[in-house]
Amino acid sequence: MTAAEMTGTDRERGARLERAVRANAVDLLAYLERRIDTPADAADALGETLLQVWRRRAKMPADDEALRPWLFAFARNTLLNARKASRRRTAGTTALRGYLAAAHPAVVDHAESLAVREAVAALGPDLRELVLLVHWEGLSISDAAVVLDIPASTARSRYAVAKARLRDELDEAPQAGQKPGGISRA
Amino acid sequence: MYWVRDDFWEVKVIDSIDDAIASTAPTVARRDHELFDLVETVVEERIPRRRRKRRALMLGTGVLALLLGGTSVALAAPDLHWPWGTSPDGAVERVNPAGESCTLAFKVHAEGVPETDPAVVVAREVLSAIDLETLEIDPALRDENRARAAADMERRISLGVVKRGTRADPDAETISRTVAELIADGVRAAGLDPGHIVVEGGMLCGDDDGSRDDGN
């Protein structure tokens, strides 16, 4: 359907979707940048995400507050189907690729970050992604549940488990002769 | 409070386990004008509605950043770009001099201190408590900004930067400065220093019915 063929309802839906996309596009890009090994590929993934969002606009949630996690769920699905993204490259995504490739800072893994990152990685994929959606992307636990397609109650219990494990892992008091790189609570 | 030790046994203090996790987020590309424009291009490619054109009426950029330090608010470097990809802390609908419906939005940012700094937190609370719909504007400030905008427009027309007939929206700046002053006053009233707070204002104008915009 072209824009000119849109009905009034389509137009309203499109306007609402556009507002939601514009409000979240940069955050979606950040989500993708943080999870793709080659940051420039995040441009293609963003383009693919928005393409899928547009195609599924008839199913977008009626509640405005639910739109943000709904969009992030598309970004996550794009990562799970990453091969499609590069096949649909456009002038815009190509330009954004070039920018990201040139502007992306070199990754510097400080030892202190590595210690925490290792603890988070040890949580396993389900708990880890939940924790990262909350602490990297700033989503609420309920919104993260939408992205992960799990019940909110499940997300809450998983989050509590994850935080308890992280506290256990990172709560060791410094010991004389202990290997450096750990984290301790004061 | 957590200590994080690096390879040299130096200790870095992190307030909470939450901050420790957040600190491991991989760095993303710098958010500047070029990136926002490129993301906008991708959005326009992928969301194929008839375009409404983003207007840039306020100060010629659509973005205003006000530093709260000193005795009065000050305009920050013009290269600051309000990130449309994040939610504003406050917004108001208004009609600009061109008759367009506009959203004027504000966001509080920390400058050189953590976003969790008490002054920043109070600034956001003050902003959220401001009734933007009924905000009272100082007539003297309004008239001053209108006169300056008119002079600036003439200068830009004479330089050929804009065409005659282009309208500025000085009242948007007046509203923004008023909001920033109220926030600074509120932070000071709480006994805190507003010197590390930036209030950014951004404006998006145009018909929202999907009709094509003919530009300025």
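**Reading two packed helices and a confidence score**

Tutor: In this predicted model, the axes of helix α7 (residues 141-148) of chain A and helix α8 (residues 152-170) of chain A come within 8 Å and cross at roughly 110°; axes are lines fitted to C-alpha atoms, for helices over the stretch in contact, with angles running from 0 to 180 degrees between N-to-C directions, and helices (H or I, at least four residues) and strands (E, at least two) are DSSP runs numbered from the N terminus. Residues are numbered from 1 along each chain as its sequence is written, while chains are lettered from A and ligands numbered from 1 in the order written. Local features need pLDDT of at least 70, side-chain atom pairs count only at pLDDT 80 or more, and totals for chains, interfaces and linings use all residues, while side-chain values use heavy atoms, leaving out hydrogens and water.

Student: Is α7(A) roughly parallel or roughly perpendicular to α8(A)?

Tutor: Two packed helices are described by the angle between their axes and the distance between the axes. Here the angle makes α7(A) roughly perpendicular to α8(A), since angles under 35 degrees count as roughly parallel, over 145 as roughly antiparallel, 65 to 115 as roughly perpendicular and the rest as oblique.

Student: Which residues in α7(A) and α8(A) meet?

Tutor: A:I141, A:S142 and A:A145 in α7(A) meet A:A152, A:A155, A:R156 and A:Y159 in α8(A), where a contact means heavy atoms within 4.5 Å.

Student: Where is A:L170 found, and is A:L170 buried or exposed?

Tutor: A:L170 is found in helix α8 of chain A, and A:L170 is buried because its relative accessible area is 2% (buried means under 20%, exposed over 50%, partly exposed in between, with a 1.4 Å probe and protein chains only). The C-alpha atoms of A:L170 and A:A115, which stand 55 residues apart along the chain, are separated by 8.5 Å.

Student: What does B:T174 touch?

Tutor: B:T174, placed in helix α5 (residues 170-189) of chain B, is buried at 1% relative accessibility, and, leaving aside residues up to four places away in sequence, B:T174 touches B:I137, B:L141, B:R142 and B:N145.

Student: Where in chain B is confidence lowest, and where is it highest?

Tutor: Where pLDDT is low, the predicted coordinates should not be read in detail; pLDDT is the predictor's confidence in each residue, from 0 to 100. In chain B, confidence is lowest in strand β2 (residues 11-14), at a mean of 43, and highest in helix α3 (residues 118-129), at 92. Over residues 1-15 of chain B the pLDDT is below 50, although this stretch has 60 contacts in the model beyond near neighbours in sequence.
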